[in-house]
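I opened this entry to record what I looked up, starting from a single side chain and working outward.

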Amino acid sequence: MTETQTSWTPGPWGYYRAISVLEGNGNFNVHSDAEPELAQTWVAQVVLREDAEANAQLIAAAPALYEALQELMDELQRARIAPLVGDKARAALARARGEAP
């Protein structure tokens, strides 16, 4: 894999249900080994518990998704087909690094 400088907390990330004392529904906290709380998803009247958990799962998967996409792009580049199929992948990787809107 090509080494790319990233500024986010290294993965792997996970999530857990955090019990809300006020509402009792529970929120979901995303964490890593180094950081006990990277992000939160909230259960509210407009966000179902299942949706909040799915959001936490997607956020927690972000480092692994980024790494897999970067490895795929590296392989496509070596096969010289990246220019043909890689525009969306390059844009997504750049956006994750904060290089594109």
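I started with a polar contact: the side chain of Ser32 reaches the backbone nitrogen of Ala34 at 3.2 Å. The model is a predicted one, and the values here are computed from it.

Next I looked up where Ser32 sits, and found Ser32 in strand S2. Is Ser32 buried or exposed? The relative accessible area of Ser32 is 5%, and the cut-off for buried is under 20%, so I noted Ser32 as buried.

I then listed the contacts of Ser32, leaving out residues up to four places away in sequence. Ser32 touches Thr9, Pro10, Pro12, Trp13 and Leu38.

From the residue I went to the strand. Strand S2 covers residues 27-32, and I found S2 paired with S3 in the antiparallel sense over three bridges. For Asn29 I looked up the bridge partner, which is Gln40 in S3.

Which order do the strands of the sheet have? I read S1-S2-S3, in an open sheet of three strands with antiparallel pairing. Strand S1 (13-18) and strand S3 (39-41) are the edge strands, and each pairs on one side only. I also took the twist: neighbouring strands of this sheet are turned by 25° against each other on average, with direction ignored.

Last, I checked what packs on the sheet. Helix H1, residues 49-78, does so and touches S1, S2 and S3. I noted that the direction of H1 makes about 155° with that of S1.

Definitions and conventions
Residues are numbered from 1 along each chain as its sequence is written. This is a predicted model: local features need pLDDT of at least 70, side-chain atom pairs count only at pLDDT 80 or more; totals for chains, interfaces and linings use all residues. Side-chain values use heavy atoms; hydrogens and water are left out. Two strands pair if DSSP finds at least two bridges between them. Helices (H or I, at least four residues) and strands (E, at least two) are DSSP runs, numbered from the N terminus. Axes are lines fitted to C-alpha atoms, for helices over the stretch in contact, and angles run from 0 to 180 degrees between N-to-C directions. Contact means heavy atoms within 4.5 Å. Buried means under 20% relative accessible area, exposed over 50%, partly exposed in between (1.4 Å probe, protein chains only). A polar contact is a pair of N or O atoms within 3.5 Å; within protein, one must be able to donate a hydrogen and the other to accept it, and residues adjacent in sequence count only if both atoms are side-chain atoms.
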